[in-house]
Amino acid sequence: MHKGLFIVDFTQEAEDFLMLDKFAKVVSRSKADLTYRQLPHYSRSYVDFSSNNYLGLSQQPEVIEAGIAAARRYGAGATGSRLLSGNYELFEEFEAQIARDKGTDAALIFNCGFQANSGVIECLTDKHTLVIFDMLNHASMYQGVFASGAKLKRFQHLDYTHLEDILKDAVREYKDILVVSDTVFGMDGDIADIQTLIGISEEYGAILYLDEAHATGLYGKGGYGLTKNFDFDKEKVIIMGTFSKAIGSSGAYVACSGLIKDFLIQKCKSFIYSTALSPFCIGAAQKAWEMLPSLNSIRQNIMRRAEKIRSALGGGGSKTNIVPILFKTTEEMMLKKQILEANGIIVSGIRPPTSPTPRLRIAVNATHTDDDIEKLIGVLA
Ligand SMILES: Cc1ncc(COP(=O)(O)O)c(C=O)c1O
């Protein structure tokens, strides 16, 4: 069977019943061990520390208006994949802006971050490639490696000596090596050492793939991501980021060389076989992107407030607006989450397997006031 096709054989009814049985067991087990996932229903009156709308741009009138203007001009949906009817000039104009602001030669827009990471990593690697991962990388990147069948080795989180040890051995066996890391880790709020990642990857002839999902909008010069602060080899570094977090819209970009962009357009299945992002999302994301350099004081306030939470409550290795409060057990964490909710505060409760240690993930955003921070600290202290 072709590895890209997931064929269900409906002639094997007995097998199907076994499958359903298996699904039911997984669901009931997750209820028993408190990992059962439920869609939340929150009213707007809560103070929300769970949202990734870090700069508040999803509610920004200029951003919404730009989305509406794009929808009026191009339609509610893109009507086809970029390679068919869905390639509006808006995409190409925005891609040129992204490439300029990220310091790369080209950029390609995807429908969401998960689709970009899983599709691009799948496309760039095969069973002859070694992919070396920070072990806390996002699930979407793992998905790309599993889909391509590349060999995966993981280094301890932020441990670049471990990365180098793996590379020293790997260069004897592998010609194609991809080193992959988030720049800001979304569950821990800590930051990769980008200079070291660039240096080590260069030294061992590896391609470096960086995910700026949580850095885009908040960090680096002009808010254009942490890689903006470093020189890198434009042929050998690929930078992914999303419009779904601080940018306040939906979608993602891959900033890369002209060759990689061209290759992705030829071969990346998640790009080729999917209807392009809606004009509303692109119009809104482009406006938010253009606003980023003017938002320094908002970024400073967010960082000051996150620092205040860290001083009062800890927060592990967090250095960003994402502050995790770790718990020994899921029960303890869920109890605290309920107490916060009773006090009108929403915080994401993250459990294994999403994160190895149960935690409340506090994400400070532009809509918070000093009073909100005091209240949160008061309940958690
Ligand atoms: C580091 C990281 N990369 C990628 C994604 C996926 O992005 P999207 O939500 O746009 O699919 C996420 C989302 O949670 C993320 O945290």
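This passage describes selected features of a predicted model, namely a ligand shell, a sheet with its packed helix, and local features of the backbone.

The surroundings of the ligand are considered first. The ligand is surrounded by 14 residues, of which C112, G113, H138, A213 and S244 come nearest. By character, the shell divides into eight polar, four nonpolar and two charged residues. Helix α4, spanning residues 113–124, contributes three residues to this shell, the largest share. G113, one of the residues that come nearest to the ligand, carries the number at which helix α4 begins.

Attention then turns to a sheet. Strands of a sheet pair through backbone hydrogen bonds, in either a parallel or an antiparallel arrangement. In this model, three strands form an open sheet in the order β9-β12-β11, and their pairing is antiparallel. β9 (322–326) and β11 are the edge strands, since each pairs on one side only. Direction ignored, neighbouring strands of the sheet are turned by 30° against each other on average. Between β11 and β12, the antiparallel pairing extends over three bridges. Within this region, I350 stands opposite R359, a residue of β12. The sheet is also in contact with a helix: α12, comprising residues 330–342, packs on it and touches both β11 and β12. The direction of helix α12 makes about 40° with that of β12.

The connection between these two paired strands contains a notable peptide bond. The bond from P352 to P353 is cis, with omega near 10°. P353 is located in the loop that runs between β11 (348–350) and β12 (359–363).

Two further residues are described by their backbone angles. L34, a residue other than glycine, has a positive phi value, near 65°. L34 is situated in the loop between helix α1 (13–32) and strand β1 (47–48). With 15 other C-beta atoms within 10 Å, L34 is partly exposed, because a residue counts as buried at 20 or more such atoms and as exposed at 12 or fewer.

A positive phi is likewise found at T79, where the value is near 75° and the residue is again other than glycine. T79 belongs to the loop between two helices, α2 (61–74) and α3 (89–102). T79 is partly exposed because 15 other C-beta atoms lie within 10 Å, a count that falls between the limits of 12 for exposed and 20 for buried residues.

Notes:
Residues are numbered from 1 along each chain as its sequence is written. This is a predicted model: local features need pLDDT of at least 70, side-chain atom pairs count only at pLDDT 80 or more; totals for chains, interfaces and linings use all residues. Helices (H or I, at least four residues) and strands (E, at least two) are DSSP runs, numbered from the N terminus. A residue is near a molecule or strand if its C-beta atom, placed from the backbone, lies within 6 Å of it. Ala, Val, Leu, Ile, Met, Phe, Trp, Tyr, Cys and Pro count as nonpolar, Asp, Glu, Lys and Arg as charged, and the others, Gly among them, as polar. Two strands pair if DSSP finds at least two bridges between them. Axes are lines fitted to C-alpha atoms, for helices over the stretch in contact, and angles run from 0 to 180 degrees between N-to-C directions. Two residues are in contact if their C-beta atoms, placed from the backbone, lie within 7 Å.
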